[in-house]
Amino acid sequence: LPSSIDPPRFAYTAMHGIGYPFAKRVFEEFDLPEFLAVPSQRDPNFEFPTVPFPNPEEKGALDLAKEFASENNCDIVLANDPDADRLAVAEKDRSSGEWTVFSGDQIGVMIGHWIWTQVGKDCGKPV
């Protein structure tokens, strides 16, 4: 990033599931900046008291995480469902303050683009 742009800050929600320790370890293993976990959704709770349905892709499921992120100056929300096999990503526009929640297809395109630009085009093998 150019020196005039602050790096993004991350908020994470496990949505009352098992994802928190795994997300924490991934961030540590890849030397990513520490994220802030949504306290009321960090630990497993089979009653899912803060969401009507614990699927991060459902409308409204990320509301608490986005609120927490805004209060803590985080630009990106990462969310897993309770068994941590789904991922949702939301990004806050620093200019407007508006949140964009990305679809699974959009997340896949971003990951594919990153792989291509970082590895694929120069690896000499089909990607």
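This is a short tour of a predicted model, moving from its sheet to its helices and then to its salt bridges.

**The sheet**

Begin by selecting the strands, of which five form an open sheet with mixed pairing, in the order β2-β1-β3-β4-β5. At the edges you will find β2 (36–37) and β5 (99–102), each of which pairs on one side only. Strands of a sheet pair through backbone hydrogen bonds, either parallel or antiparallel. For an antiparallel example, select β4 (residues 87–92) together with β5, and look for the four bridges that join them. One residue to pick out here is Glu-91, whose bridge partner in β5 is Thr-100.

**The helices against the sheet**

Next, select helix α2 (residues 63–71), which packs on the sheet and touches β1 (10–13), β2, β3 (76–80), β4 and β5, with its direction making about 135° with that of β5. Then move to helix α3 (residues 104–118), which lies across β4 and β5 and runs at about 85° to β5.

While helix α3 is in view, select Trp-114, which is found in this helix. Is Trp-114 buried or exposed? Its relative accessibility is 51%, so Trp-114 counts as exposed, the cut-off for that word being over 50%. Add Ile-111, Ile-115 and Val-119 to the selection, and you will see the residues that, with Trp-114, make a nonpolar surface patch of about 380 Å².

**The salt bridges**

Side chains of opposite charge can pair when their charged atoms come close, and the count of salt bridges in this model comes to seven.

Select Lys-24 and Glu-28, whose closest N and O atoms are 3.0 Å apart. These two residues are separated by about one helical turn, because they stand four residues apart in helix α1 (residues 19–29). Lys-24 is partly exposed at 33% relative accessible area, and Glu-28 is partly exposed at 48%.

Return to helix α2 and select Lys-66 and Asp-63, which lie three residues apart in that helix and form a salt bridge with 4.0 Å between the closest N and O atoms. Here Lys-66 is buried, with a relative accessible area of 18%, whereas Asp-63 is partly exposed at 44%.

Now select Arg-94 and Asp-75, a salt bridge whose closest N and O atoms are 2.8 Å apart. This pair links distant parts of the chain, 19 residues apart, with Arg-94 in the loop between β4 and β5 and Asp-75 in the loop between α2 and β3. Arg-94 is partly exposed at 46% relative accessibility, while Asp-75 is buried at 11%.

Finish by selecting Asp-81, Asp-85 and Arg-86, which are linked in a network of salt bridges.

Note on methods
Residues numbered from 1 in each chain as written. Predicted model: local features only at pLDDT ≥ 70, side-chain atom pairs only at ≥ 80, totals over all residues. Heavy atoms only, no water. Pairing = 2+ DSSP bridges. Contact = heavy atoms within 4.5 Å. Axes fitted to C-alpha atoms, helices over the stretch in contact; angles between N-to-C directions. Patch = residues over 30% accessible without salt bridge, like charges linked within 9 Å, V, L, I, M, F, W, Y side chains within 5 Å. Areas by Shrake-Rupley, 256 points an atom, 1.4 Å probe, with all protein chains shown as cover. Salt bridge = Lys/Arg side-chain N within 4 Å of Asp/Glu carboxyl O. Buried < 20%, exposed > 50% of the residue type's maximum accessible area, 1.4 Å probe, protein only.
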